[in-house]
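Hi,

Here is the structure I promised to pass on to you. Have a look at it first, and then read my notes below.

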Amino acid sequence: MDVKFHWNKAYENSTTEKLGWYEDYPGPSLQLIKKCHFDKDATLLNVGVGESTLIDELLKSGYTNIIGSDISSIALKKIKQRTGLLGHDVKWIIDDLTNSKKLIDLPQVDLWHDRAVLHFFTEKKDQEAYFDLLDELVKTKGYVIIAAFNKNGAIKCSGLPVFRYNKEMLEKRLGNDFQCLDSFDFAYTMPGGDKRPYIYTLFQRIG
Ligand SMILES: C[S@@+](CC[C@H](N)C(=O)[O-])C[C@H]1O[C@@H](n2cnc3c(N)ncnc32)[C@H](O)[C@@H]1O
C-alpha cells in the first residue's frame, strides 16, 4: 500500500468537515496543552496534522512557533489555504514519520502532539521509527500528547487497519525518560454520528 497515495486521495475526496476524524473544536487536546503552561514562543510540533483545527486554535491563542507536518501534501495545501494569512507563520513540513528526512533535522521541540496518527503504524519497524524520532525531537522537560484508538476502539480507520493502545502500552513504549502526567478515555463522535473511543495521554520528558 502506498501510504502517501492513500492519504492524498482521502484529503482530495472529502471536504474538511466530512473527514471521519474531523473535530470542530479539539477540546481534549487543548485541555492537555493548557496543563503544559507553554510560553507563547514554545515550539509546538503537530505530527500528522492533516487539516486539524488544533492549528487554528493555537494560532488564535497567540503561539508563534508552530510546526505542522504530514505525509500528505494535499492535506498541507488545504490547511494552508484555510489558515490563510495567520498560517503563514506556521512551518509546514511534508515528511514520513516512519522514515523521516526533514523532521529529524529540526531543533528539539517543546511539544510533540499526535492525534490519530500513531495507531496506523501496525508494523514493529514503523512503530520503532516513530518512537525513535519522538525521542530525538522532544526536549528535556518537553511534553508529548498522544491520542490513539483505545482498546475498545474500532479496528480500522480510513479503511486501514489500526494498532490500538492503552496508557500502560504508551508508558512502556516511551520508557523511563517520560512520565505520564494525565490520561483519559474520550469518545469522539464522527461527522456521521458514530463513536470512536480514544485514549488521550500527556507525558513529560524527565530524563
Ligand atoms: C486520521 S488522520 C488525523 C489527522 C489529524 N491529526 C487530526 O486529528 O485531524 C491521520 C493523519 O496521519 C497522516 N499520516 C499517516 N501516515 C503518516 C506517516 N507515515 N507520516 C506522517 N503522517 C502520516 C495522514 O496523512 C493523516 O493526515
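D110 counts as buried, because its relative accessibility is 16% and the cut-off for buried is under 20%. Please keep in mind that this is a predicted model. The side chain of D110 forms a salt bridge with that of K139, at 3.1 Å from N to O. D110 belongs to strand β4 and K139 to strand β5 (residues 138-149), so this pair ties together parts that lie 29 residues apart in sequence. K139 itself counts as partly exposed, at 29% relative accessibility.

If you wonder about the chemistry, side chains of opposite charge can pair when their charged atoms come close.

How many salt bridges does the structure hold? There are twelve. Here are two more that you can look up.

One is between the side chains of D182 and K35, with 2.9 Å from N to O. Strand β8 (residues 178-189) contains D182, while K35 sits in the loop between α2 (27-34) and β1, so the pair ties together parts 147 residues apart in sequence. Is D182 buried or exposed? With 17% relative accessibility, D182 counts as buried, whereas K35, at 44%, counts as partly exposed.

Another salt bridge joins the side chains of K78 and E51, at 3.7 Å from N to O. This pair links distant parts of the chain, 27 residues apart: K78 is in helix α4 (residues 73-87), and E51 is in the loop between β1 and α3 (54-60). E51 is buried, with a relative accessible area of 5%. K78 is partly exposed, with 21%, a value that is not under the 20% needed to be called buried.

Now for the largest pocket. About 720 Å³ of space lies in it. The largest pocket is lined by 37 residues, and the closest to its centre are W7, A116, V117, F120 and F121. By class, the lining has 19 nonpolar, ten polar and eight charged residues.

Which elements supply at least two residues each to this lining? They are α1 (3-12), β1 (44-47), β4 (109-115) and β7 (160-161). The largest share, three residues, comes from α1. You have met β4 already: it is the strand in which D110 lies.

To get started, try finding D110 and K139 in the viewer, and then move on to W7 at the pocket.

Happy exploring, and write back with any questions!

Best wishes

Definitions and conventions
Residues numbered from 1 in each chain as written. Predicted model: local features only at pLDDT ≥ 70, side-chain atom pairs only at ≥ 80, totals over all residues. Heavy atoms only, no water. 1 Å grid on protein atoms, 1.4 Å probe; cavity = no way out; pocket = protein on both sides within 12 Å on 5 of 7 lines; lining within 4 Å. Points joined across faces, edges and corners; volume = space filled by probe spheres on them. Helix = DSSP H or I, 4+ residues; strand = E, 2+ residues; numbered from the N terminus. Nonpolar A, V, L, I, M, F, W, Y, C, P; charged D, E, K, R; others polar. Salt bridge = Lys/Arg side-chain N within 4 Å of Asp/Glu carboxyl O. Buried < 20%, exposed > 50% of the residue type's maximum accessible area, 1.4 Å probe, protein only.
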